[in-house]
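Trainee: Could we go through this one together before I get back to the bench?
Mentor: Gladly; bring it up and ask as we go.

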Amino acid sequence: MREGGVETDGRHRKRHLAIGARPSSVRTLVLGEAMMLAGAGVALGGVVAVIAGRAGRALLFGTAPFDPLVLGAAAAIMMSVAAIATLIPATAAASADPSTLLRAE
């Protein structure tokens, strides 16, 4: 999900690293951006799930259209998957050598 975004925003991160930003702050920046996108997606998905649940109430067996436990568990799983998937490009962005990155431009 974020791999392309990390490459696209590479100049921004290169400048951060070149002026002395710690790799952990770059990693936090990448993770924060991804978590904002994932949070928006989970929120929108939750609204759609509630609407779809109410519309398909007759098809639901053993659960209510708005079951906070099920929706909360689904949201937690989706946010966890997004965080884990973002760690690889975030670590790559944080571990890049700034001088090599700036010379490549």
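Trainee: Let's start with R22: is R22 buried or exposed?
Mentor: R22 counts as exposed because its relative accessibility is 59%, where exposed means over 50% relative accessible area, buried under 20% and partly exposed in between, with a 1.4 Å probe and protein chains only. Keep in mind that this is a predicted model, in which local features need pLDDT of at least 70 and side-chain atom pairs count only at pLDDT 80 or more, while totals for chains, interfaces and linings use all residues. Residues are numbered from 1 along each chain as its sequence is written, and side-chain values use heavy atoms, with hydrogens and water left out.

Trainee: And where is R22 found?
Mentor: R22 is in the loop between helix 2 (10-18) and helix 3 (23-55), with helices being DSSP runs of H or I of at least four residues, strands E runs of at least two, and both numbered from the N terminus. The C-alpha atoms of R22 and A94 are 8.1 Å apart, although 72 residues separate the two in sequence.

Trainee: How many helices and strands are there overall?
Mentor: The chain has 5 helices and 0 strands, and buried residues make up 18% of its 105 residues. Of the contacts in the chain with a separation of 6 or more, 70% are between residues 24 or more positions apart, a contact being heavy atoms within 4.5 Å.

Trainee: Switching to helix 4, which residues are buried there?
Mentor: In helix 4 the buried residues are A82, T86, P89, A90, A93 and A94. T86 is counted as buried because its relative accessible area is 2%, and a polar atom of its side chain lies 2.6 Å from the backbone oxygen of A82.

Trainee: What about S80, then: how does its exposure come out?
Mentor: S80, which is also found in helix 4 (residues 68-95), is partly exposed because its relative accessible area is 39%. Its C-alpha atom is 9.7 Å from that of A38, and the two residues are 42 apart along the chain.

Trainee: Where does helix 4 bend?
Mentor: Helix 4 bends by about 35° at L87, with a proline, P89, following within four residues; the bend is the angle between axes fitted to the seven residues ending there and the seven starting there.

Trainee: What span should helix 4 have?
Mentor: At 1.5 Å a residue, its 28 residues should span 40 Å, and the end C-alpha atoms are 40 Å apart, so the two agree; the expected span is 1.5 Å times one less than the number of residues.

Methods:
A polar contact is a pair of N or O atoms within 3.5 Å; within protein, one must be able to donate a hydrogen and the other to accept it, and residues adjacent in sequence count only if both atoms are side-chain atoms.
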